[in-house]
Protein chains: 2
Amino acid sequence: MELLIADVGLLWSAADGGAARTLAVLAAILTVAKVCAAGAGAIGQPAVLGELLAGVVLGGSALSLVDPHDTVLALMAEIGVVILLFEIGLETDLEQLLKVGPASTVVAIVGVALPFGLGYAVCWALGLGTIESVIAAATLTATSVGITARVLSDLGRLRDVESQIILGAAVIDDVVGLIILAVVQGVAGGEQITAGGVLWIVGMAFGFLIVTLAVGRVVAPLLARGLGRVRMVGTPTIFAVVAAFGLAWAADIAGSALIIGAFAAGLLLREVPQAEQIEHGVASLGHFFVPIFFVHVGASVDLRSLNPLDPAQHSTLLFGGLLLVAAVVSKFAAGFAPWWLSVNKPAIGAGMIPRGEVGLIFAQMGLNSGQFDAGKFSAVTLMVMATTFIAPPLLKALFKAKPGVEEPPSGIEELVSGPD
Amino acid sequence: MELLIADVGLLWSAADGGAARTLAVLAAILTVAKVCAAGAGAIGQPAVLGELLAGVVLGGSALSLVDPHDTVLALMAEIGVVILLFEIGLETDLEQLLKVGPASTVVAIVGVALPFGLGYAVCWALGLGTIESVIAAATLTATSVGITARVLSDLGRLRDVESQIILGAAVIDDVVGLIILAVVQGVAGGEQITAGGVLWIVGMAFGFLIVTLAVGRVVAPLLARGLGRVRMVGTPTIFAVVAAFGLAWAADIAGSALIIGAFAAGLLLREVPQAEQIEHGVASLGHFFVPIFFVHVGASVDLRSLNPLDPAQHSTLLFGGLLLVAAVVSKFAAGFAPWWLSVNKPAIGAGMIPRGEVGLIFAQMGLNSGQFDAGKFSAVTLMVMATTFIAPPLLKALFKAKPGVEEPPSGIEELVSGPD
């Protein structure tokens, strides 16, 4: 009898203790992420860097409190990146993109082609296989529109011509990055790289986007109008979440990437009358979920594979270092692409340097597909973190920040500071 | 080679397909919950009822799309109830509670004692064991402040004396319900019911609340002041989530219930300067997580155990029916407790009838601890759902709703409509 009672008690507290422990881990993730983000902000660095560092501290490299293989945390991180890409879509005005002019476009094109080429050359020189090289080179392509916009806003220079060009180019190369993502996802999935295969993947990525946007432009306003009749608090937010999750799932089914669906949902819902309510509601969800993604990424970094005292790790450090040089030089050079304009070209180049979420997603993809070992994953993550470190002080110096000019937080910053 | 490639592809899409599938399930949960909530609203029923029905439809009884044993969904449901109780705490003004006067208090006391006694008598008459009887009787005690407030607001009668008494009593019996919850949790956990044991549990519940509130009243404003210096969007929301999750975990460690910690966090953060930002930010999280809780509860209902054509289920139906009669009669009678006042006493009684989240939490606890079988769980859930069905039309009739008088959504409704 005593035994039976003890058994029941154990069972109950085990079931309950599991939930309590996960709540404690989530509280720890959010607290450390917040503290590190605030710390990063205090030394003039973007918040996302603090969140990545929080992940390194909480992960296997140090405290071992966050297990990147935990299914619940992995799913919440996945929701985080879906919400982040939805928010980026919500901030992306396709028509505005067309207006930003040729300058943004050439910066974007050169800023994707040059890093990819240089990155591939580095990998080729180090003797990597084709698939690994494509994934590693792809991690260099996408500028983080989030990090860049946040830094420019902190400097009070969001309205400058250079900033407009940077933002336009960053947004364009975010879209291009999503296409590359689908290609690389196919490549990482082990598909043969043939011209036809790449075209098929590009076709699926474009096709999914085009069909979704074409159908969505008709359906979304109708749904939004129907939604307007539902007088329940929170309906627009849930509508947005359902659209983001639903299209993410549809993209997956269509052979595209989860986040392309989420991005498409954001692009579509930007046009509905409830867009502002959606932005506010989803921002709160982003404050909760997005840091979990960055902490989860940071927790996957294996610092032991970056130990400079261990000769076995020298190849990883060499790889990471060369990727970093390629990443910085190539994006900086892209700033000089609009040769016909007399603008502060070095500032544009510096603004394109920070890599962020998309590069990390590539790295995660390489790790998940088995193409990357822990060393290569850590090298790429190091490259992303270093570019994020380098850009803010460089931008500050090149823009010669006007003291006292402070921009009020705009939509883009709110998106950007989602993870803060 | 072909095989290897296929293997990698399979692995990758399995890992990714898992996330995509869960996103699709979450999108389905939120959509069906929303549609059923809107449908419930359209026929004059509270939204929470629609969400419970959505769970029945999505769960094992019908579509089998939602598996109540899935760990990811179970954890998200747990987060939902933690956020809901945090929101209830955020709306509960302890000092206001003391002012509502003796009327609310006697309604609350009679409204807890009478249902418990009648429920226990029903169980005793049916020959149930002591522990089962205590849990089943406890499910009758707590009026759902959420459902009641929402209905009163829909009728435009939130400011009436009767409504004030109902709301005060509902809030008091929510607090009493939390104490009973801790007692029942101990009982369900298999502890011997002795006077000393009950006192210990009551002591732990009160003790945890008192110590937390005493320490928190000093610490929370200090933390909030420090927080005011962090200029990052979303900080108050994350602070609130960390407080709710952290105190939920602490309550669990202290031998109290998760939701008592979350409720205490809400009580404390009501007093900080950022309370309004917190309310807005957490409301968005609630719109996402809270319906997952109610759908999860609904999905646990086994309709097969309520089949009137199956003679084996007659005992379940009899039990549910008798509990329902006890639930309605006892709370209705409680409305007559403030005998010295000349108010609309039947309306007060009707307002106390709807049971909600706390009753369902008891039922879930009974199921998890193994004290309830599927039949008893379903009978209790049926009772909760039926009281929720009965109250709104009864209240409407007894209040003789003033047509055209519509209250603007206030804080309490926003909390209440959290799950909508």
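Begin with the contacts of chain A, where two residues count as touching if their C-beta atoms, placed from the backbone, lie within 7 Å: among contacts between residues at least 6 apart in sequence, 80% join residues at least 24 apart. This is a predicted model, in which local features need pLDDT of at least 70 and side-chain atom pairs count only at pLDDT 80 or more, while totals for chains, interfaces and linings use all residues. Residues are numbered from 1 along each chain as its sequence is written, and chains are lettered from A and ligands numbered from 1 in the order in which they are written.

Colour chain A by secondary structure next, and 17 helices and zero strands appear (DSSP runs numbered from the N terminus, H or I of at least four residues for helices, E of at least two for strands). Of the 420 residues in chain A, 59% are buried (20 or more other C-beta atoms within 10 Å of the residue's own, the C-beta atoms being placed from the backbone).

Now select residues 71–91, helix H3 of chain A, whose end C-alpha atoms are 30 Å apart, in agreement with the 30 Å expected for 21 residues (1.5 Å times one less than the number of residues). In H3(A), 18 of the 21 residues are buried.

Move on to residues 235–253, helix H10 of chain A, where a 26 Å separation of the end C-alpha atoms agrees with an expected 27 Å. Because 18 of its 19 residues are buried, H10(A) is largely enclosed by the rest of the structure. After H10(A) comes A:Gly255, with a positive phi near 85°.

Finish at A:Gly366 in helix H15 (residues 357–368) of chain A. A:Gly366 is buried, with 25 other C-beta atoms within 10 Å, and its C-alpha atom is 6.6 Å from that of A:Ile135, 231 residues away along the chain.

Key:
A residue is buried if 20 or more other C-beta atoms lie within 10 Å of its own, exposed if 12 or fewer, and partly exposed in between; C-beta atoms are placed from the backbone.
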